[in-house]
Amino acid sequence: MEAADEERPLLHLLPHLQDGSSEYASDGSVDINKQPALKRNTGKWRACYMILGVEFCECVAFFAIAKNLVTYLTTVLHESKVTAARNVSAWVGASFLTPLIGAFLADTYLGRYWTIVVSLPVCTVGMLVLTVSASVPTSYYRVGVHHTVVYLGLYLAALGSGGIKPCAPAFGADQFDIGDPMELAKKGSFFNWYYFLINLCSLLSSTVLVWLQDNVGWGVSFAIPTVLMVLGLAVFVSGSRVYRFRKLGESPFISLCQVMVAAARQWRMELPDDNSLLYELTRSSPEAESSHKIQHTNQFRFLDKAAIVLPPSDKTCTVLPTCSWKLCTVTQVEELKILLRMFPIWASFVIFYAVSGQLTSTFIEQGMVMDKRVGPFAIPPASLSIFGVFSVLIWVPIYETVLVPLARRYTGNEKGFSQTQRLGIGFAMSMLTMVYSAMLEMKRLAIAQASSLEDQNVPVPMSILWQAPSYVLHGASEVFAGIGMTEFFYDRAPYSMKSLCAALAQLAIASGSYFNTLVFGIVAVATTRGGAPGWIPDNLNEGHLDYFFWMMAALSILNLAQFMHYSLRYREKTTS
């Protein structure tokens with residue numbers, strides 16, 4: 001894809017870039033009192049610190065659960081390995097599906113700030129329920145009650161995090177004026193350091209909290225993030241006067257539906273040869289801010305029928321607020337087209353995050369049957385993820401200070417890599433993660449066979465540290481693809497759909513988790529016929545987890561090929 005075409009941000013939504021000397025933010029932002037935001041008193045990094053603070057608290061809570069949940073389900077709730085892996089994937093999927101609810105509330109009713117304020121207490125209550133359920137001895141519960149309480153806490157926490165995940169990165173990016181070149185340059189760094197913080201939380205959870213879970217108690221490990229959530233709410237609210245807020249427009253969900261309905265209603269109409277005849281609000285129109293209009297494109301021409309202006313003799317009115325289900329603006333149509341153009345990129349992340357899901361399920365189960373001793377210490381399998389975290393923490397500064405300047409010399413792109421180049425590198429590294437894991441499991445099974453351990457559910461004499469390269473490779477893939485995804489969906493999002501597109505990024509993670517749930521179920525049924533132990537039995541020494549990893553590697557290769565094919569097709573369209 002041509003860098004100039006692909007990296008063109010949505011700055012055409014503004015009449016022109018400002019010189020940065022204006023006293024007020026030029027993108028229409030307001031302060032907490034709904035007055036135009038003063039640039040010297042609001043926004044930029046001073047506001048982002050508090051937004052990152054609340055994200056830190058939410059991430060610690062999420063990773064305190066996710067990093068070792070499979071161990072909790074197998075050792076405390078006594079679920080089987082396949083059931084536990086499936087339930088972990090389902091919960092992670094729910095955690096990244098609920099952001100759609102948060103995005104809807106943020107873009108339609110509450111705004112990003114109030115959505116975060118409302119969601120934090122919900123997440124805190126979920127963590128409190130988990131803390132209590134883990135602190136009370138299991139003998140105090142009736143049969144089945146313990147499971148119910150645990151899953152109630154899990155899904156309340158998932159619901160609360162759904163209002164924070166899509167809004168925190170979008171609200172942080174809102175603090176930089178896209179009409180000010182100096183502030184705009186800082187926005188890309190915000191996403192890099194936002195992701196850096198997420199992995200710092202992951203490091204804290206993988207070390208301190210996982211150690212507490214394995215050596216002190218689950219209740220203590222859940223109580224710490226519960227307290228942090230309360231403190232996070234106080235810190236976030238205290239910064240209200242320095243935040244910049246975007247004005248709410250019409251619901252993006254309703255707008256998208258209006259385009260589809262209007263296009264379907266007028267499917268028999270002929271499109272005019274002159275695109276300027278399609279309906280669009282003028283600068284003098286009070287219904288919308290003309291500065292956020294989007295130029296017409298020739299893709300998905302069928303949708304343009306939603307903007308056909310009916311002849312005056314027709315009794316149908318042409319006033320948008322009262323008849324928007326029959327007539328939509330070109331900008332509304334183009335917003336839907338933008339989402340459709342994003343879809344192939346979004347679909348590529350389903351497999352990418354299905355691979356990521358192995359880190360909290362099959363990788364931990366594999367580590368349970370390896371030698372966990374390193375000198376005098378015994379390493380919990382869930383703590384191996386610190387290698388992935390360190391990989392991210394090291395790669396983010398390297399990417400910013402070394403790779404970007406180096407790539408800029410050859411590509412001429414201000415960001416070093418184009419967005420599709422960055423994503424493609426991440427997808428390739430994700431594929432290599434599964435290839436290495438499959439080869440590692442083949443070696444582990446060979447050692448188990450040589451040691452006559454096939455029939456024994458015991459660790460084989462192979463150090464768990466051999467898993468470290470898998471985590472390191474995946475950490476590097478996250479720097480390229482994970483951060484790239486967040487920036488891609490924010491940059492390409494229409495002005496009125498920033499939270500929605502941030503939620504679409506989270507939905508990709510959810511889809512990857514639910515894809516894992518589906519695959520685990522199919523593998524369990526297909527490989528256990530005729531009394532066979534299956535690929536992922538409770539005793540992994542008699543299974544074939546390596547086959548599962550090879551299957552995921554093959555899917556990753558196909559996914560990379562699909563992504564490259566789409567990128568090339570898009571390049572042909574933009575250069576023709």
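Helices are DSSP runs of at least four residues, numbered from the N terminus. The model examined in these exercises is predicted.

**Exercise 1. Determine which helix holds V118, and whether V118 is buried, partly exposed or exposed.**

Solution.
Step 1. V118 lies in helix 5.
Step 2. The relative accessible area of V118 is 46%. Buried requires a value under 20% and exposed a value over 50%.
Step 3. V118 is therefore partly exposed, given its 46%.
Step 4. On the surface, V118 belongs to a nonpolar patch together with I101, L105, Y109, L110, W114 and L159. The accessible area of this patch is about 660 Å². Helix 5 supplies the largest share of the patch, six residues.

**Exercise 2. Classify the aromatic pair Y113 and F171 from the distance of the centres and the angle of the planes.**

Solution.
Step 1. The whole structure contains 38 aromatic pairs.
Step 2. For Y113 and F171, the ring centres are 6.3 Å apart and the planes stand at 50°. Stacked pairs have planes under 30 degrees apart, and edge-to-face pairs over 60.
Step 3. The angle of 50° fits neither class, so the pair of Y113 and F171 is tilted.
Step 4. Y113 is in helix 5 (residues 99-135) and F171 in helix 7 (residues 167-173), so the pair links distant parts of the chain, 58 residues apart. Both Y113 and F171 are buried.
Step 5. Y113 and F171 also belong to one aromatic cluster with W114, F236, Y243 and F245.

**Exercise 3. Classify the aromatic pair F349 and F352, and state what separates the two residues along their helix.**

Solution.
Step 1. The ring centres of F349 and F352 are 5.9 Å apart, with the planes at 85°.
Step 2. An angle over 60 degrees counts as edge-to-face, so F349 and F352 form an edge-to-face pair.
Step 3. F349 and F352 are three residues apart in helix 12 (residues 330-356), which means that about one helical turn separates them. Both residues are buried.

**Exercise 4. Describe the salt bridge of E23 and R40 and the places of its partners in the chain.**

Solution.
Step 1. Side chains of opposite charge can pair when their charged atoms come close.
Step 2. In the bridge of E23 and R40, the distance from N to O is 3.3 Å.
Step 3. Both E23 and R40 lie in the loop between helix 1 (3-6) and helix 2 (44-66), so the bridge ties together parts that are 17 residues apart in sequence.
Step 4. E23 is partly exposed, at 43% relative accessible area, whereas R40 counts as exposed, at 52%.

**Exercise 5. Describe the salt bridges R444 with E441 and R301 with D304, and decide for each partner whether it is buried or partly exposed.**

Solution.
Step 1. The closest N and O atoms of R444 and E441 are 2.9 Å apart. These partners are three residues apart in helix 15 (residues 419-450), separated by about one helical turn.
Step 2. R444 and E441 are both buried.
Step 3. Salt bridges with shared partners join R301, D304, E334, K337 and R341 into one network.
Step 4. Within this network, R301 and D304 meet at 3.0 Å, N to O.
Step 5. R301 is partly exposed, with 26% relative accessibility, whereas D304 is buried, with 1%.

Definitions and conventions: Residues are numbered from 1 along each chain as its sequence is written. This is a predicted model: local features need pLDDT of at least 70, side-chain atom pairs count only at pLDDT 80 or more; totals for chains, interfaces and linings use all residues. Side-chain values use heavy atoms; hydrogens and water are left out. Rings of Phe, Tyr and Trp (its six-membered ring) pair if their centres lie within 6.5 Å; planes under 30 degrees apart count as stacked, over 60 as edge-to-face and the rest as tilted. Buried means under 20% relative accessible area, exposed over 50%, partly exposed in between (1.4 Å probe, protein chains only). Patches are made of residues with over 30% relative accessible area and no salt bridge: like charges are joined within 9 Å, nonpolar side chains (Val, Leu, Ile, Met, Phe, Trp, Tyr) within 5 Å. Accessible areas come from the Shrake-Rupley method with a 1.4 Å probe; for residues, only the protein chains shown count as cover. A salt bridge is a side-chain nitrogen of Lys or Arg within 4 Å of a carboxyl oxygen of Asp or Glu.
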